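Colleague: I'm new to this structure and would love a close look at a single part of it. Could you pick a good starting point and then lead me outward from there?

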Amino acid sequence: MRHSEAMSLEFAAKIRRIPVYPVAAGYDLGTDVAMLASNESAFAPLPEVVEAANRALAGAHRYPDPAYMPLRRALSDRYGVPVERIALGNGSCDLLLAAGEALLEPGAEVVYAWPAFSVYPHLAASSGARALQVPLDGDQRHDLRALAGEVTVATRLLLVCNPNNPTSTALGLDQVQALLEAVPRYVCVILDEAYCEFALTLGDPQASVELLARWPNLVILRTFSKVYGLAALRVGYALCGSETFRTAVDQVRQPFYLNAAAQAAAVEALVHQDEVERRVVKTLAARGGLVDGVRSLGLWVAESDANFIWVRLPRGAGDGDAELSAGEAAVVAGLRERGVLVRAGSPLGGPGAMRVTVGTPAENERFVTALGALVQG
Ligand SMILES: Cc1ncc(COP(=O)(O)O)c(C=O)c1O
């Protein structure tokens with residue numbers, strides 16, 4: 001049979017259901033571009049962190065430590081959670097997908113707010129479970145009462161993105177606690193705190209960890225991709241209320257999911273908390289400037305508790321989703337022409353808006369100037 005005559009491959013039905021992750025474009029555009037599309041850190045890793053990764057590479061003929069003990073011990077020391085209740089992942093996305101595989105199946109339900117992190121819809125699509133998406137409130141915040149109201153005997157997983165990606169808003173811990181009180185203990189609650197270090201509303205990143213002592217069904221998900229600036233190395237972790245979550249997510253994954261250079265870099269990154277703090281302070285100052293700049297153009301910006309902002313764009317003619325998306329696409333394309341990459345709201349579940357990462361002061365200024373030219377003419 002010639003190649004062109006070959007029959008097309010028959011994939012599992014879930015391949016037709018699983019959405020394609022909306023990756024940001026522009027990674028191949030060169031250096032003169034402000035990369036404000038993926039909520040990465042504006043700061044490169046510290047030299048000590050790069051050196052630690054390089055040292056690990058010298059031993060790359062060996063498989064990495066399959067129990068990842070140095071990193072789990074370092075996280076245990078930092079957060080006071082026993083190593084048995086610390087799960088690691090190839091990015092926190094890896095842990096999210098593993099949680100879906102471990103908890104969901106046809107007949108089960110998963111509840112989350114929408115728009116929230118764009119990986120969440122994959123969990124139901126790949127497992128055949130039912131997804132209940134609860135709209136955010138008018139301030140682009142989670143509606144916790146409505147979320148709790150969707151929990152049934154079939155619910156296995158409830159996801160709370162705090163601060164929420166893409167809308168940047170955060171709930172106070174008192175509200176999170178009220179939700180935990182309202183949810184039965186057989187429901188795993190994943191509190192996705194990828195951006196918690198930037199959240200003034202949450203305060204000390206240790207505070208939510210204290211909730212684990214009371215709620216064994218709680219899992220706090222965090223990452224080295226954001227505040228620690230290690231997005232390319234892919235390290236995430238979960239602080240778990242019970243050991244069973246860790247063993248289950250380890251069962252569904254390949255044995256060596258976290259490479260040695262990434263492990264070594266993460267251990268070293270944890271040592272430099274003073275520098276992490278300094279970077280947070282600089283990011284929050286830059287965020288303030290960015291928000292002021294956008295608001296001075298007359299646009300609505302959500303109350304940000306993250307290293308990104310959520311901006312509502314002017315409506316075109318009409319008020320359907322199509323008009324909103326067209327207006328948004330024009331602004332995002334105009335920004336791209338001016339060397340600024342941001343994320344359009346529609347692929348993230350929020351038509352008529354855009355998400356902008358806090359960059360360096362120069363990048364932020366370039367963005368505000370370009371946006372001003374587009375919305376004010
Ligand atoms: C809310 C949220 N959770 C999890 C992640 C996953 O991050 P990573 O897989 O890089 O740890 C992201 C990344 O953008 C995110 O925004």
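Modeller: Happily! Let's start at Ser-92, which counts as buried because its relative accessibility is 12%, under the 20% cut-off for that word. Please keep in mind as we go that this is a predicted model.

Ser-92 belongs to helix α4, a helix that covers residues 92–103. Leaving out residues up to four places away in sequence, Ser-92 touches Leu-221, Arg-222, Thr-223 and Gly-236. One of these partners, Arg-222, deserves a stop of its own.

Arg-222 sits in strand β7, which spans residues 218–223. With a relative accessibility of 1%, Arg-222 is buried. What does the side chain of Arg-222 make a polar contact with? The partner is the side chain of Ser-208, and the contact is 3.1 Å. Beyond neighbours within four places in sequence, the contacts of Arg-222 are Tyr-79, Ser-92, Glu-193, Cys-196, Pro-205, Ser-208, Val-209, Gly-236 and Tyr-237. So that you can follow the thread on screen, note that Ser-92 appears in this list, just as Arg-222 appears among the contacts of Ser-92.

Now back to helix α4, to see what it packs against. Its axis comes within 9 Å of the axis of helix α5 (residues 120–127), and the two cross at roughly 35°. This crossing is right-handed. On the α4 side, the residues that meet α5 are Leu-96, Leu-97 and Gly-100. They face Tyr-120, His-122, Leu-123 and Ser-127 of α5.

His-122 gives us a path to Tyr-21, a residue in the loop between α1 (14–17) and β1 (34–35). Not counting residues up to four places away in sequence, Tyr-21 touches Phe-117, Ser-118, Val-119 and His-122. Is Tyr-21 buried, exposed or partly exposed? It is partly exposed, with a relative accessible area of 32%. Tyr-21 and Pro-121 are 100 residues apart along the chain, yet their C-alpha atoms are separated by 9.5 Å.

Next, let's turn to the nonpolar interior. The largest nonpolar core has 63 residues, and the members that touch the most others are Leu-71, Leu-75, Leu-88, Leu-158, Leu-218, Phe-224 and Leu-239. Helix α9 (residues 260–271) supplies the largest share of this core, six residues. Apart from this core there is another, of 28 residues, and its members include Val-119, Leu-123, Cys-161 and Cys-240. You have met two of those names already: Val-119 as a contact of Tyr-21, and Leu-123 where α5 meets α4.

Leu-158 is a good residue to click on in the 63-residue core. Once neighbours within four places in sequence are set aside, Leu-158 is in contact with Val-111, Leu-147, Val-151, Leu-179, Val-183, Val-187, Cys-188, Val-189 and Ile-190.

Helix α9 also has a helix partner, α2 (residues 47–57). Their axes lie 8 Å apart and make an angle of about 150°. Angles over 145 degrees count as roughly antiparallel, so that is the word for α2 and α9. As with α4 and α5, the crossing of α2 and α9 is right-handed. From α2, the contact is made by Glu-48, Val-49, Ala-52, Ala-53, Ala-56 and Leu-57. From α9, it involves Ala-260, Ala-261, Ala-264, Ala-265, Glu-268 and Ala-269.

Finally, a few backbone details to look for in the loops. Following α2, the loop between α2 and α3 (69–79) holds Tyr-68. Tyr-68 is not a glycine, but its phi is positive, near 55°. This residue is buried, at 1% relative accessibility. Gln-140, in the loop between β4 (130–135) and α6 (144–149), is another non-glycine residue with a positive phi, about 65°. With 15% relative accessibility, Gln-140 counts as buried too.

The loop between β5 (155–161) and α7 (173–182) contains Pro-163, and Pro-166 is found in the loop between β5 and α7 as well. Where are the cis peptide bonds here? One runs from Asn-162 to Pro-163, with omega near -5°. The other links Asn-165 to Pro-166, with omega near 20°.

Note on methods: Residues are numbered from 1 along each chain as its sequence is written. This is a predicted model: local features need pLDDT of at least 70, side-chain atom pairs count only at pLDDT 80 or more; totals for chains, interfaces and linings use all residues. Side-chain values use heavy atoms; hydrogens and water are left out. Helices (H or I, at least four residues) and strands (E, at least two) are DSSP runs, numbered from the N terminus. Buried means under 20% relative accessible area, exposed over 50%, partly exposed in between (1.4 Å probe, protein chains only). A polar contact is a pair of N or O atoms within 3.5 Å; within protein, one must be able to donate a hydrogen and the other to accept it, and residues adjacent in sequence count only if both atoms are side-chain atoms. Contact means heavy atoms within 4.5 Å. A nonpolar core is a set of buried Ala, Val, Leu, Ile, Met, Phe, Trp, Tyr and Cys residues joined through side-chain atoms within 4.5 Å. Axes are lines fitted to C-alpha atoms, for helices over the stretch in contact, and angles run from 0 to 180 degrees between N-to-C directions. Angles under 35 degrees count as roughly parallel, over 145 as roughly antiparallel, 65 to 115 as roughly perpendicular and the rest as oblique. A crossing is left-handed if the near helix is turned anticlockwise from the far one by less than a right angle, and right-handed if clockwise.
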